[in-house]
Amino acid sequence: MTAWRTNGLPSVNQLRTEMDRLVGDFFGGVSTAMPRTFASIRAFPAVNVWEKGNELFAEAELAGLKTEDVDISVTGNELTIRGRRPEAAADEALFHRRERGAGEFSRTLRLPYEVDGQHVEATLRDGVLSIRLPKAASARPRKIHVAAK
Amino acid sequence: MTEATLQKEAHGDVETTRTGQVYRPNVDILERPDELLLAADMPGTRGEAIDIHFEDGELTIRGPVAARQPADTNYLLSEYGVGDFYRTFRVSEQIDASRIAAEYADGVLTLHLPKVEAAKPRKITVHSK
């Protein structure tokens with residue numbers, strides 16, 4: 001599988017182009033539903049995915065969210081990250097900058113193979129969501145013993 | 001109330017002593033009668049490691065972020081980079097630097113920049129004769 005790394009980060013546009021290509025190649029399309037303010041962002045949250053042994057790992061930056069604000073579900077080879085980030089308290093205050101998105105988001109990634117939904121583990125710490133996705137038994141390589149006669 | 005109290009960040013490249021990519025955190029800045037409140041998305045750093053510097057009206061925020069994966073990780077999908085957060089602002093409002101307070105929770109840095117007394121809005125009562 002082609003590897004894609006960000007070391008020596010290319011421009012954002014280049015990255016997006018590469019990402020589109022990558023998504024087209026490996027992830028079979030990404031469906032996003034971003035009502036409200038997150039709609040201005042192309043796909044939220046941004047996700048990194050890598051593989052180690054018989055497990056896939058996904059990571060996303062979700063600053064300002066608590067565990068109860070995030071909902072993760074896995075069906076076959078689809079991973080969905082859903083959540084809601086509270087609006088900044090507006091009260092009578094005047095905003096000088098408003099760059100942080102708020103509201104609801106949902107993003108579905110198609111993974112390169114089926115994962116074992118029963119054993120998916122996720123942690124959210126200091127705004128970093130880490131998900132461990134073990135390969136489904138059906139997706140694991142099988143060692144076939146050749147019996148010598 | 002002054003408009004654009006916090007103007008554009010200092011231009012130019014950021015020079016770092018460490019190698020590696022530096023990222024600009026997204027911020028919300030809002031003005032309250034007695035303070036400026038800044039919230040910055042800085043996931044993956046540590047509260048005690050965040051460096052906040054205010055001098056001559058220039059506010060600098062730096063949050064070191066250690067690599068979470070080995071440098072040779074082969075990403076199947078890589079949409080963001082991981083590295084230190086850094087951003088600097090010019091603050092034209094008069095700030096009482098001695099009372100700047102900060103907290104870090106869930107990857108968000110919240111910074112309270114209290115205005116000095118003179119900069120607070122004052123209600124002037126007009127007496128009629």
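**Exercise 1.** In this predicted model, find how many bridges join strand E4 (residues 35-41) of chain B to strand E10 (residues 108-114) of chain B, and state whether the two run parallel or antiparallel.

*Solution.* Step 1: count the bridges between E4 and E10 of chain B; there are 7. Step 2: compare the strand directions, which are antiparallel. Step 3: check one pair of residues. B:Asp41 has B:Val108, in E10(B), as its bridge partner.

**Exercise 2.** Place these strands in their sheet and explain which strands stand at the edges.

*Solution.* Step 1: write down the strand order, E6(A)-E3(B)-E4(B)-E10(B)-E9(B), for an open sheet of 5 strands with antiparallel pairing. Step 2: look for strands with a single partner. These are E6 (94-98) of chain A and E9 (101-105) of chain B, so each has one side without a neighbour in the sheet. Step 3: add the twist, which averages 15 degrees from one strand to the next. As background, strands of a sheet pair through backbone hydrogen bonds.

**Exercise 3.** Describe the make-up of chain B from its secondary structure, burial, contacts and surface.

*Solution.* Step 1: count the elements. Chain B has 10 strands and 0 helices, and its pattern along the sequence reads β-β-β-β-β-β-β-β-β-β. Step 2: take burial, with the cut-off under 20% relative accessible area. By this rule, 43% of the 129 residues of chain B are buried. Step 3: take the contacts in chain B with a separation of 6 or more; 61% of them join residues 24 or more positions apart. Step 4: take the surface. Chain B has an accessible surface of about 7400 Å², and carbon and sulfur atoms contribute 48% of that area.

Note on methods:
Residues numbered from 1 in each chain as written. Chains lettered and ligands numbered in written order. Predicted model: local features only at pLDDT ≥ 70, side-chain atom pairs only at ≥ 80, totals over all residues. Heavy atoms only, no water. Pairing = 2+ DSSP bridges. Helix = DSSP H or I, 4+ residues; strand = E, 2+ residues; numbered from the N terminus. Axes fitted to C-alpha atoms, helices over the stretch in contact; angles between N-to-C directions. Buried < 20%, exposed > 50% of the residue type's maximum accessible area, 1.4 Å probe, protein only. Contact = heavy atoms within 4.5 Å. Areas by Shrake-Rupley, 256 points an atom, 1.4 Å probe, with all protein chains shown as cover.
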